Amino acid sequence: IIFAALIAIIWGVYVLINPGERKNFVNRFATTLIVILFLIHPTLVKFMFSLFACKDIGDGHSYLIADFNVTCWEQPHTFYAYAIGLPGIIVWCAGIPFAAFLLVRSKKKELFTNIEVLKIYGFIYAGFMERTYYWEFVIVYRKVAMAAISVFMYSVQRSIQALLVFLL
């Protein structure tokens with residue numbers, strides 16, 4: 001929401017300076033938002049999963065790998081894991097890419113013929129052939145799965161992690 005507001009403000013100022021660009025405001029806003037969401041997505045996914053990455057160090061407690069001062073599944077870790085981590089995984093790992101897929105899919109017939117659609121959503125699918133426009137979303141979910149493997153399979157041997165990633 002903060003990113004969207006900041007992007008709207010930036011493009012709003014640009015439109016105020018260049019009134020002739022008013023008709024392009026929505027297209028530029030949407031394009032910028034899509035690009036930024038795709039750029040920050042891997043970092044946010046890794047952060048959301050890292051809230052669940054704990055390691056047992058032999059004293060009967062497990063500690064957050066990102067900060068060994070935090071004991072896992074005790075307060076405040078439990079609160080952050082369930083209040084930020086779980087909703088974040090649902091929204092950022094599954095929801096945002098799925099919503100973007102549905103949006104692109106709704107424009108399927110126009111993806112390669114309508115220049116306005118290409119300007120807004122082309123960042124997502126322009127590198128693929130028309131019949132494989134959806135492939136970027138497959139890649140996004142593979143990245144999510146790799147992040148999950150790297151976090152949740154932390155204590156497993158690296159060779160097993162590599163095999164799991166190879167299966168993706």
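Phe-98 comes out as partly exposed, its relative accessible area being 44% (buried is under 20% relative accessible area, exposed over 50%, and partly exposed in between, with a 1.4 Å probe and protein chains only). The model is a predicted one, so to speak of a local feature takes a pLDDT of at least 70 and a side-chain atom pair counts only at pLDDT 80 or more, while totals for chains, interfaces and linings use all residues. Residues are numbered from 1 along each chain as its sequence is written, and side-chain values use heavy atoms, with hydrogens and water left out.

Phe-98 shares helix α3 with Phe-101, 3 residues away, or about one turn of the helix (helices, H or I of at least four residues, and strands, E of at least two, are DSSP runs numbered from the N terminus). On to the aromatic rings. Rings of Phe, Tyr and Trp (for Trp, the six-membered ring) pair if their centres lie within 6.5 Å; planes under 30 degrees apart are stacked, over 60 edge-to-face, and the rest tilted. By that rule there are 12 aromatic pairs. In one of them, Trp-11 with Tyr-14, the ring centres sit 5.3 Å apart and the planes stand at 90°, so this pair is edge-to-face. Phe-98 and Phe-101, by contrast, make a tilted pair, with 6.4 Å from centre to centre and 35° between the planes. Ring pairs also link Phe-98 and Phe-101 with Phe-38, Phe-123 and Phe-137 into a cluster.

Trp-11 and Tyr-14 are both residents of helix α1, again 3 residues apart and about one turn of the helix. Tyr-14 is partly exposed at 30% relative accessibility. Leu-6 is in helix α1 too, which covers residues 2-17, and is partly exposed with a relative accessible area of 47%. Leu-6 and Leu-33 are 27 residues apart in sequence, and their C-alpha atoms are 9.9 Å apart in space.

Next, the cysteines. A disulfide is taken as a pair of cysteine sulfur atoms within 2.5 Å, and searching the whole structure turns up 1. The bond runs between Cys-54 and Cys-72, with 1.9 Å from S to S. Its S-S torsion is about -95°, so the disulfide is left-handed. Cys-54 belongs to strand β1 and Cys-72 to the loop between β3 and α3, so the pair ties together parts 18 residues apart in sequence. Cys-72 is buried, at a relative accessible area of 6%. Cys-93 takes part in no disulfide, and the nearest cysteine sulfur, which belongs to Cys-54, is 17 Å away. Cys-93 is buried as well, at 4% relative accessible area.

Cys-54 itself is partly exposed, with a relative accessible area of 23%, and strand β1 spans residues 54-56. Contact here means heavy atoms within 4.5 Å. Setting aside neighbours within four places in sequence, Cys-54 touches Ser-62, Tyr-63, Leu-64, Ile-65, Cys-72, Trp-73 and His-77. The C-alpha atoms of Cys-54 and Leu-64 are 4.4 Å apart, although the two residues are 10 apart in sequence.

Leu-64 has Asp-67 in β3 as its bridge partner. Strands pair if DSSP finds at least two bridges between them; β2 (residues 62-64) and β3 (residues 67-71) do this in the antiparallel sense, over 2 bridges. The two strands make a hairpin with 2 residues between them.

The loop between β3 and α3 has some backbone quirks. Trp-73, which is placed in that loop, has phi near 60°, a positive value in a residue other than glycine. Trp-73 is partly exposed at 40% relative accessibility. Pro-76 is in the loop between β3 and α3 as well, and the peptide bond leading from Gln-75 to Pro-76 is cis, with omega near 5°.

That leaves the later helices. Helix α5 (residues 135-152) has 18 residues, which should span 26 Å at 1.5 Å a residue, and its end C-alpha atoms are indeed 26 Å apart (the expected span is 1.5 Å times one less than the number of residues). Buried residues in α5 include Phe-137, Val-140, Val-144 and Ile-149. The buried residues of α5 pack against α2 (25-50), α3 (77-106), α4 and α6 (158-167).

In helix α4 (residues 115-125), Glu-116 and Lys-119 are 3 residues apart, about one turn of the helix. Their side chains meet in a salt bridge, at 3.5 Å from N to O (the criterion is a side-chain nitrogen of Lys or Arg within 4 Å of a carboxyl oxygen of Asp or Glu). The structure has 1 salt bridge. Glu-116 is partly exposed, at 31% relative accessibility.
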